[in-house]
Amino acid sequence: MRLKTGILKLDKMLEGGLAEKKSFLFYSDPCVESLVFAYKMICTRLQEGDSIIYFINTRNPDTVRFSMKNYGWDVAEFEDKGSFVFLDAYSALIGKESREKYKVNDVTDFDAVRDEIGKAIKDIDGNRKIIIFDSLSNLIDLCGDAGSVLKCIKECLPNMLKSKAIAVFLFTTWDYGGDIVENIKGSFDYAIDMDKIEERRS
Amino acid sequence: MMQIDIPQNSASIVISPPLSGKKEFLFNCIADALEKKEPVIFISTDFSSEDIKKELAEKKLYDESCKGRIRFIDCYSQEAGKCLDDTEDTKRISGPLALNEVSVALAQTEEEISAEPKKHLVIFDSLSTILMFLNSLMIGRFLQVFIAKIKNAGGSVVFTLEDGMHEQKDTVTIEHMMQLIVHMKREGSKIMIRADGIEEYEEWKDLEM
């Protein structure tokens, strides 16, 4: 079964939408606005009765709430219902106390990230659970080694994806050099070039 | 007005201790650009665009006549919990560590200034905010793309960095990407300046305001 993202071009590329129990890499060049597509997908899936766990390490969860609201996608109702939750890996990074239920004190501590995701998956309801990782590029940069990050992700994914879960990783293709970007693209079930979505949209 | 000309199509950095006159230097750069009718894009990580506008207005560098000639990218307000909307001359992004958002906002602002590559000045105040939380490797990757985009769009960029706040290897990584490195210090009420690579500024000199 395919789950529509709500983005016509993307759904067409994915032959109907996101596939259950699969991992997706949404990648784009620097300076390309691809976040809006992730927001649109989140909104579509929430309205279809799915649940979202939003792992964030690039900005404060409140700024995501604000940005989504500005686009006309208010997640407050879904947060109240418990079908949209943040896993805050940002606040600790900048030395702030997180107000989120799910949080990690060290973004590079994969065991803690995995445990919090496990807790959130267990806690929340919804037809299917979609885990958004925003962003994989920051995670790799903070850890300093793409290889070990990918290894940890590969180890964690089977457990995360069991039942009907889906994992979506957002990735900016900064100049990592060598084969790193190709290795990253090859580590997921699907790798989608969001620049193409952007071009087709215009 | 400037003592040191910012080279066209270049990346420069001002490195100095806190409160040693970086703002004054930046305001000189802005005054110089405005005099040459070049647009300015001010990216701020530590202050809201409203605060920057107030300071610029006090120096008579921001008024009705400047409208559209100075644009702002505010990386501070949302992070500080003020969820303010964008305005005609200001784009607000989630926070200084959302590096791709910074790049996107810059590209959009450059497009708004002109569809064609055109001389303009980008001020980035300050890299220290980012370097406090992210490593120099990560910032290096960001700067590589960021500087190239500005140059391709016909612009020059001036960054600021707090002296003494970061590890030397991090500072050197950043310096390596710059064409001009300006150092500043205060001596009493005087602001002193020197620049690496410019013969006449190898010794400390007064900054003319």
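This is a short tour of one sheet and one cavity in a predicted model.

Before you start, residues count from 1 along each chain as written, and chains are lettered from A. Because the model is predicted, local features need pLDDT of at least 70, side-chain atom pairs count only at pLDDT 80 or more, and totals for chains, interfaces and linings use all residues.

**Stop 1: the sheet.** Select chain A and show its strands (DSSP runs of E, at least two residues, numbered from the N terminus; helices are runs of H or I, at least four). Seven of them make an open, parallel sheet, ordered β6-β5-β4-β7-β8-β3-β9. Its edges are β6 (102–103) and β9 (190–193) of chain A, each paired on one side only.

**Stop 2: a strand pair.** Now pick residues 23–28 and 166–172 of chain A: these are β3 and β8, parallel partners over six bridges. Strands pair if DSSP finds at least two bridges between them. Look for Ser28(A), opposite Thr172(A) in β8(A).

**Stop 3: a helix on the sheet.** Add residues 146–161 of chain A, helix α7, which packs on the sheet and touches β3, β7 and β8 of chain A. Here contact means heavy atoms within 4.5 Å.

**Stop 4: the largest cavity.** Which residues lie nearest its centre? Select Leu35(A), Asp134(A), Ser135(A), Thr172(A) and Asn100(B), from a lining of 24 residues. A cavity is a set of points on a 1 Å grid over the protein atoms alone where a 1.4 Å probe fits but cannot get out, and lining residues have an atom within 4 Å of a point. Finish on α3(B), which gives the most to this lining, with four residues.

Conventions: Heavy atoms only, no water. Axes fitted to C-alpha atoms, helices over the stretch in contact; angles between N-to-C directions. 1 Å grid on protein atoms, 1.4 Å probe; cavity = no way out; pocket = protein on both sides within 12 Å on 5 of 7 lines; lining within 4 Å.
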